[in-house]
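Open the structure in your viewer and keep the selection panel handy. We will go from stop to stop, choosing what to highlight next.

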Amino acid sequence: MREVAFIKQNKEKWLEFEQVISNKEKKSPDDTANLHIKIMNDLVYAQTYYPKSKVTQYLNKLAKSSFDKVYHTKRSRKNVLLYFFFDKVPLLSYQYRKFIYLSFIVFFAFFLIGLLSTFNDDSFARQVLGDSYVNNTLENIESGDAMAVYKGGSNWGTFIGIYDNNQRVGLNMFLSGLFFGLGTGVYVVYNAIMVAVFQAFFYQNNSFFDSIKGIWIHGTYEIFGMIIEAAAGYIIGASILFPGAYKRLTSFKRGVKSAFYIFISTIPFTILAAFLEGYITRYANIMPTFLSFTIIGFSLVTISYYYLILPFKVANKHNLR
């Protein structure tokens, strides 16, 4: 679209928002937020197609001046948690959906590399998982309980320990985005390969079905959440490397804030993963297969819906598509 046509098509909306910001026109919090989001989308479009234009500078100033007003209004709402988890985070997930897709692509690319490496090198599993773990797991498989590794310790102790470990991993992925996103990539590569080796190892030792039935009871939330945490790290890296029309520091602050909100949204799933590992996975070999796959299916559907489908529904509600 030519710049003149772009301005003509949207100028009434911009002028309307100027009236709202200056308190010359009153609108509901939802309508104000919707206008703000539309302004942000126009700004992104202008940054892409008219990066040095005065209209881009104008929209940048308009977006900055509207931010405090919009989010001050939103903070005054009741049900702040509901707004955060079912409105704000889905909108951010929609806005940064390309980073979520990128995170999935990187993870599964190296997951495939891990599978191929394990199947083509008999020593690869020991290099990644360690001799002690491999030997212990082989003993468990021979004894008829491939998932025995998850039965050590108390339910409560396992839950706390696993949550602490998983949350540390997620936090490292998020904060490693400060290293231009490369640090996050390193964590993703390591974890993707490790998961692939872990799964391929059970396949090679004729325990693939038992591993699927057990591991993914908690692994669905754990791994999916990790991919989203990595996406948050990539957002930080991109905010540093590609500031667009913003000053680099301003872009960085915006990126960190958005990424932090997305990271926070993964915490409930991390808690659920730890709970399932501490209290449910240990009984995978004696529980009905149907129940195991029902838990796995429910986990996959809920977290996929939250990060991959709900964002589009919320964007539609706000007329952003």
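What volume does the second largest pocket have? It comes to about 750 Å³, and do keep in mind that this is a predicted model.

**Stop 1: the second largest pocket**

Select Tyr150, Asn165, Asn166, Met194 and Glu222 to begin. Out of the 31 residues that line the second largest pocket, these lie nearest its centre. Next, colour the helices that each give two or more residues to this lining: H6 (124-129), H8 (155-175), H9 (182-204), H10 (208-241) and H12 (267-279). Give H10 a colour that stands out, since H10 contributes the most, with nine residues. If you colour by residue class instead, the lining of this pocket shows 16 nonpolar, eleven polar and four charged residues.

**Stop 2: the cavity**

Now look for enclosed space. Searching the whole structure for cavities of 30 Å³ or more turns up one, and the volume of the largest cavity is about 30 Å³. To find the place, select Ser93, Arg97, Ile100, Tyr101, Tyr307, Leu308 and Phe312, which line the largest cavity. Helix H5 (97-120) and helix H13 (289-317) are the elements that give two or more residues to this lining. By class, five of the lining residues are nonpolar, one is polar and one is charged.

**Stop 3: the salt bridges**

Side chains of opposite charge can pair when their charged atoms come close. In this model the count is five salt bridges, and we will visit three, among them Lys13 with Asp42.

- Show Lys13 and Asp42 as sticks: their salt bridge has an N to O distance of 2.8 Å. Lys13 sits in helix H1 (residues 3-21) and Asp42 in helix H2 (residues 29-49), so the pair links distant parts of the chain, 29 residues apart. Both Lys13 and Asp42 are buried.
- Move to Lys317 and Asp87, whose closest N and O atoms are 3.7 Å apart in a salt bridge. This pair also links distant parts of the chain, with Lys317 in helix H13 and Asp87 in helix H4 (residues 80-95), 230 residues apart. Lys317 counts as exposed because its relative accessibility is 52%, above the 50% cut-off. Asp87, at 8% relative accessible area, is buried.
- Finish with Lys151 and Asp145, a salt bridge with the closest N and O atoms 2.6 Å apart. Lys151 is partly exposed at 32% relative accessibility, while Asp145 is buried, with a relative accessible area of 15%.

Methods: Residues are numbered from 1 along each chain as its sequence is written. This is a predicted model: local features need pLDDT of at least 70, side-chain atom pairs count only at pLDDT 80 or more; totals for chains, interfaces and linings use all residues. Side-chain values use heavy atoms; hydrogens and water are left out. On a 1 Å grid over the protein atoms alone, a cavity is a set of points where a 1.4 Å probe fits but cannot get out, and a pocket is an open set with protein on both sides within 12 Å along at least five of seven lines; lining residues have an atom within 4 Å of a point. Grid points are joined across faces, edges and corners, and a volume is the space filled by probe spheres set on the points. Helices (H or I, at least four residues) and strands (E, at least two) are DSSP runs, numbered from the N terminus. Ala, Val, Leu, Ile, Met, Phe, Trp, Tyr, Cys and Pro count as nonpolar, Asp, Glu, Lys and Arg as charged, and the others, Gly among them, as polar. A salt bridge is a side-chain nitrogen of Lys or Arg within 4 Å of a carboxyl oxygen of Asp or Glu. Buried means under 20% relative accessible area, exposed over 50%, partly exposed in between (1.4 Å probe, protein chains only).
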